[in-house]
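Please look at the sequence and the structure below and follow the chain from element to element. The paragraphs that follow go through some helices, a sheet and a few single residues.

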Amino acid sequence: MSQDTIAQSIEEALLERFGEQVAVAPDIAGLGELERIAAHRSHRRYLSRAIEPALLRLLCACALSAPSKSDLQQADIVIVNDKDIRKQIVATIPDMPWIEDAPAFLVFVANGERLPLIARERGKPFPNDHLDQFFNATVDSAIVLATFMRAASAVGLGCCPISAIRDHPDVVSDLLQLPNRAIPIAGLCVGWPAQSGSITPRLSLNTTLHVDHYGERDVAAEIDAYDKRRAALRPYDKQRNFPRWGQASFYGWSEDKARQYADPTRTDFGAFARRRGFRLD
Ligand SMILES: Cc1cc2nc3c(=O)[nH]c(=O)nc-3n(C[C@H](O)[C@H](O)[C@H](O)COP(=O)(O)O)c2cc1C
């Protein structure tokens, strides 16, 4: 494919994503990589083709090459090969069959165990045991997850992150025998995509991209415009929690997210993180 064609394909993907034009000069380096990133989509249907263990290991090594806050290296990955363990994780998450179907399933872990251990081993105080430690480990883990997805997409694999493993974090942590101060951030289904999938429109760049400062905004109007653009491109096929909220005449992204977060979820996650040894003050 020519540079011009790739540049055009990126522009089309970003137009669909944000509803606005983003210029792509055909002579910049790395257009192939940008094309994959711009065309991102989560994949939930996979071919039955297995993933070579050596390839999975390579992708994990690439992911763990991601930057790390202060070089603290507080992110781990667990490759869940054991069918029994995986079955028990899946059992904690109803309604997501793709977790069972995916040829590979990984868990990304925020690991705050090593830092206080180092302090003890080196005979040093550790006065930084507070929320920032939890945050650092979680951010590192999320960056490793994103880097894994980027590496996977480079070799043609598709992924779907699974935050639902945090619905029963004690069960998952016990099954994976996570040490104290190590908590699961997200699971990840990985496989060879069975469908090409499609682009999910995002909030406009006007809403999420800022220069220097936020300035005056009408966020409600921006969300309203996004709801309409998105509904035209990717309408929801089902309205969430119909018995509680009834049938909306117009059902957009904001109605869906408002309904989703009208039910309490993971209200005990802070208690779980504390139980596992993190201090969150
Ligand atoms: C941290 C994180 C957790 C997610 N958890 C789930 C999940 O539990 N189940 C699921 O089907 N998708 C999950 N997703 C995928 C999102 O639903 C998806 O990214 C979003 O709908 C946008 O679609 P796109 O990735 O195709 O652009 C998660 C994504 C992220 C980044």
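Helix H3, residues 53-63, lies across strands S1 and S2 and runs at about 170° to S1. The structure shown is a predicted model, and the angle is computed from its atoms.

The strands under H3 belong to an open sheet of 4 strands. The order in the sheet is S1-S2-S4-S3, and the pairing is antiparallel. Strand S1 (75-79) and strand S3 (158-162) are the edge strands, since each of them pairs on one side only. From one strand to the next, the twist averages 25°.

Start at the S1 edge. S1 pairs with strand S2, residues 104-111, in the antiparallel sense, and 5 bridges join the two. Two of the partnerships can be followed by residue: Ala75 has Ala110 of S2 as its bridge partner, and Asp76 has Val109 of S2. On the way to the other edge, S2 also pairs with strand S4, residues 182-191, again in the antiparallel sense. This pairing has 8 bridges. Within it, the bridge partner of Val107 is Gly187 in S4.

How many of the 8 residues of S2 are buried? The count is 8 of the 8, so S2 is largely enclosed by the rest of the structure. A residue counts as buried when its relative accessible area is under 20%. To see how the burial is spread, recall that side chains in a regular strand alternate between the two faces of the sheet. In S2, one side holds Ala104, Leu106, Phe108 and Ala110, and the other holds Phe105, Val107, Val109 and Asn111. The residues on both sides are buried, and both faces of S2 are covered.

Now return to H3, which also meets another helix. Two packed helices are described by the angle between their axes and the distance between the axes. For H3 and helix H7 (residues 131-154), the axes come within 8 Å and cross at roughly 135°. The two helices are therefore oblique to each other. The crossing of H3 past H7 is right-handed. On the H3 side the contact is made by Leu56, Leu59, Cys60, Cys62 and Ala63, and on the H7 side by Val144, Thr147, Phe148, Ala151 and Ala152. Sorted by class, this contact has 9 nonpolar residues, 1 polar residue and no charged residues.

A second helix pair can be read in the same way. Helix H1 (residues 3-18) packs with helix H2 (residues 31-38) at an angle of about 20°, and the axes are 9 Å apart. Angles under 35 degrees count as roughly parallel, and H1 and H2 are therefore roughly parallel to each other. Their crossing is left-handed. H1 contributes Gln3, Ile6, Ala7, Ser9, Ile10, Ala13, Leu14 and Arg17 to the contact, while H2 contributes Leu31, Gly32, Leu34, Glu35, Ile37 and Ala38. These residues divide into 9 nonpolar, 3 polar and 2 charged.

Some residues of this pair also meet a part of the chain that comes much later in sequence. Ile199 lies in the loop between S4 and helix H9 (205-208). With a relative accessible area of 6%, Ile199 is buried. Ile199 and Ala38 are 161 residues apart in sequence, but their C-alpha atoms are 8.9 Å apart in space. Apart from its neighbours within four places in sequence, Ile199 is in contact with Ala13, Glu16, Arg17, Ala38, Ala39, His40, Arg41 and Arg234.

Leu175 gives another case of residues that are separated along the chain. Leu175 lies in helix H8, residues 169-175, and counts as buried at 16% relative accessibility. Ile85 is 90 residues away from Leu175 along the chain, yet 6.4 Å separates their C-alpha atoms. When neighbours within four places in sequence are left aside, the contacts of Leu175 are Ile85, Gln88 and Ile89.

Two loop residues remain. Gln177, in the loop between H8 and S4, is not a glycine but has a positive phi of about 50°. Is Gln177 buried or exposed? Its relative accessible area is 68%, so Gln177 is exposed. Asp71, in the loop between H3 and S1, is not a glycine either and has a positive phi of about 60°. At 57% relative accessibility, Asp71 counts as exposed.

Terms used: Residues numbered from 1 in each chain as written. Predicted model: local features only at pLDDT ≥ 70, side-chain atom pairs only at ≥ 80, totals over all residues. Heavy atoms only, no water. Axes fitted to C-alpha atoms, helices over the stretch in contact; angles between N-to-C directions. Parallel < 35°, antiparallel > 145°, perpendicular 65-115°, else oblique. Left-handed = near helix turned anticlockwise from the far one by under 90°. Contact = heavy atoms within 4.5 Å. Nonpolar A, V, L, I, M, F, W, Y, C, P; charged D, E, K, R; others polar. Buried < 20%, exposed > 50% of the residue type's maximum accessible area, 1.4 Å probe, protein only. Pairing = 2+ DSSP bridges.
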